[in-house]
Amino acid sequence: MGLDFGSSTEQTDGNIITTTIDKVVNWGRKNSLWPMPFGTACCAIEMMATLASKFDLSRFGSEAIRFSPRQSDLLIVSGRISIKMMPVLKRIYDQMPEPKWVISMGACASCGGVFDTYTLIQGVDQFLPVDVYIPGCPPRPEDLIDAVMQVQRQITKGELPKGSEVAHNE
Amino acid sequence: MNDEIEVTEEAQPLVLQKLQDKFADALLASSVIRNGVSVVVNKDNSYALLEYLKTDLAYSYLVDVTAVDNSKLESELMQYDYARFMVVYQLYTFEGETSRIRVKVPVHEKDLKVPTVTLLWKGANWLERETYDMFGIEFEGHPDLCRILMPDDFEGHPLRKDYPLRGRGERESFNFEKQNA
């Protein structure tokens, strides 16, 4: 965390920590990512397993699943997205407060997977700024935990989510 | 042991006999496989036959309404005067010995209209909408015949054999404004 023990006098020795406000905020953010699940297929089952006691995503501070986009900052797209579902997902993403991160979980969300058909969007990155992709069909819970940790690493580094970069460029 | 097996002609189910008596001219074909009856009926008499099955023979459960595009199956096409589509009704009864019956109706591409059965089974509503969405078959008298699976502005009927699997570019050229409006 880049903590700096302040100048030591007899009273303050070991009792005062100096840091930057960004680092404290990011530390808080990374350890309390609240996911918004968007489960449309079997990947959602693996996501449920990740949240349940065996894999226990709460060890990483992300167990507070929010079914309202207004209370969450991590969108997990787990499953295939059809052309008809796309506006719904886009709307949910737009309703999430900044900063917000997006995980594209599994082959279908990332590239359409085996469903190379007329009705499926071939990858949600065609309309959402995806921060972390997870390969697999479906990915194991460890893969999802790894993706959450990867988002945490990005936050620790102070990197902006892809979505806000897009917003700034516009 | 092999000598003891007797091959017996399967007895004709009573349902089929009744249908053959009542709709002798309308039935184009019929078959029985493992006590499941399948009949092909011409379009003009399809509603009367389905009504008879519902009201008199207690086929109270409409399992499915769907269609088959036979345009690439020459043998089927020849059999029914080159009717491209076959609308299929799957029925089930909780009474009687023949619990399942399949009614097939050949439909020509020039005249894609079939009478609705929503008056007999309310559950036919969404099934007929799906068949309309996927094959473009119109069900006359349906209370709300519109697309059910594909977006409203979608063009074409994707389960037809001449529709390309990867679509006609819909998945690349989507339009948010249009869909949200």
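**Notebook: chains A and B of a predicted model**

I began with burial in chain B: of its 181 residues, 24% are buried. I note at the outset that the model is predicted.

**Entry 1. Chain B overall**

I looked up the secondary structure of chain B and found 5 helices and 7 strands. Reading along the sequence, I recorded the pattern α-β-β-α-β-α-β-β-β-α-β-α. I then took the extent of the C-alpha trace of chain B, which spans about 70 × 40 × 35 Å along its principal axes. For the contacts in chain B between residues at least 6 apart in sequence, I noted that 52% join residues at least 24 apart.

**Entry 2. The sheet of chain B**

I traced an open sheet of 5 strands in chain B; its order is 1-2-5-4-3 and its pairing is mixed. Strand 1 (27–33) and strand 3 (61–69) of chain B hold the edges, and each has a single partner strand, so one side of each lacks a neighbour in the sheet. Ignoring direction, I found neighbouring strands of this sheet turned by 15 degrees against each other on average.

I next examined the pairing of strand 1 with strand 2 (residues 36–41) of chain B, which is antiparallel and extends over 6 bridges. Within it, I identified Gly36(B) of strand 2 as the bridge partner of Ile33(B).

Which helices pack on this sheet? I listed two of chain B, helix 1 and helix 2. Helix 1 (residues 14–22) touches strand 1, strand 2 and strand 5 (100–107) of chain B, and its direction makes about 170 degrees with that of strand 1. Helix 2 (residues 43–55) of chain B lies across strand 2, strand 4 (85–92) and strand 5, and runs at about 165 degrees to strand 5 of chain B.

**Entry 3. The sheet of chain A**

I turned to chain A and found an open sheet of 4 strands in the order 3-4-5-6, with parallel pairing. I marked strand 3 (35–39) and strand 6 (132–134) of chain A as the edge strands, each paired on one side only. From one strand to the next, the twist averages 15 degrees.

I checked the pairing of strand 5 (residues 101–105) of chain A with strand 6 of chain A: the two run parallel and are joined by 3 bridges. Met105(A) has Ile134(A) of strand 6 as its bridge partner.

I then followed two helices over the strands of chain A. Helix 2 (residues 43–51) of chain A lies across strand 3, strand 4 (74–78) and strand 5 of chain A, at about 145 degrees to strand 3. Helix 5 (residues 141–156) of chain A lies across strand 4, strand 5 and strand 6 of chain A, at about 170 degrees to strand 6.

**Entry 4. Helix pairs in chain A**

How do helix 1 and helix 5 of chain A pack? I read an angle of about 170 degrees between helix 1 (residues 21–30) and helix 5 of chain A, with the axes 9 Å apart. Since angles over 145 degrees count as roughly antiparallel, I entered helix 1 of chain A as roughly antiparallel to helix 5 of chain A. Asn26(A), Arg29(A) and Lys30(A) of helix 1 meet Gln152(A), Ile155(A) and Thr156(A) of helix 5 in this contact. By class, I recorded 1 nonpolar, 3 polar and 2 charged residues there.

For helix 2 and helix 5 of chain A, I read an angle of about 75 degrees, with the axes 9 Å apart. I therefore entered helix 2 of chain A as roughly perpendicular to helix 5 of chain A. The contact is made by Glu46(A), Met47(A), Ala49(A) and Thr50(A) of helix 2 and by Pro141(A), Leu144(A) and Ile145(A) of helix 5. Its classes are 5 nonpolar, 1 polar and 1 charged residues.

**Entry 5. Nonpolar cores**

I looked up the largest nonpolar core, which has 37 residues; among those with the most contacts inside it are Ile76(A), Ile103(A), Met105(A) and Val151(A). At least two residues each come from several elements of chain A, including helix 3 (86–95) and helix 4 (106–111). Helix 5 of chain A gives the most, with 5 residues.

Leu75(A) is also listed among the residues with the most contacts inside this core. Leaving aside neighbours within four places in sequence, I found Leu75(A) in contact with Met36(A), Phe38(A), Tyr93(A), Met96(A), Lys100(A) and Val102(A). I noted a second, separate core of 31 residues, which includes Val39(B), Ala83(B), Leu91(B) and Met134(B).

**Entry 6. Between the chains**

How many residues does each chain bring to the contact? I recorded 12 residues from chain B and 11 residues from chain A. The side of chain B that touches chain A has 6 nonpolar, 3 polar and 3 charged residues.

How values were computed:
Residues are numbered from 1 along each chain as its sequence is written. Chains are lettered from A and ligands numbered from 1 in the order in which they are written. This is a predicted model: local features need pLDDT of at least 70, side-chain atom pairs count only at pLDDT 80 or more; totals for chains, interfaces and linings use all residues. Two strands pair if DSSP finds at least two bridges between them. Axes are lines fitted to C-alpha atoms, for helices over the stretch in contact, and angles run from 0 to 180 degrees between N-to-C directions. Two residues are in contact if their C-beta atoms, placed from the backbone, lie within 7 Å. A residue is buried if 20 or more other C-beta atoms lie within 10 Å of its own, exposed if 12 or fewer, and partly exposed in between; C-beta atoms are placed from the backbone. Angles under 35 degrees count as roughly parallel, over 145 as roughly antiparallel, 65 to 115 as roughly perpendicular and the rest as oblique. Ala, Val, Leu, Ile, Met, Phe, Trp, Tyr, Cys and Pro count as nonpolar, Asp, Glu, Lys and Arg as charged, and the others, Gly among them, as polar. A nonpolar core is a set of buried Ala, Val, Leu, Ile, Met, Phe, Trp, Tyr and Cys residues joined through C-beta atoms within 7 Å.
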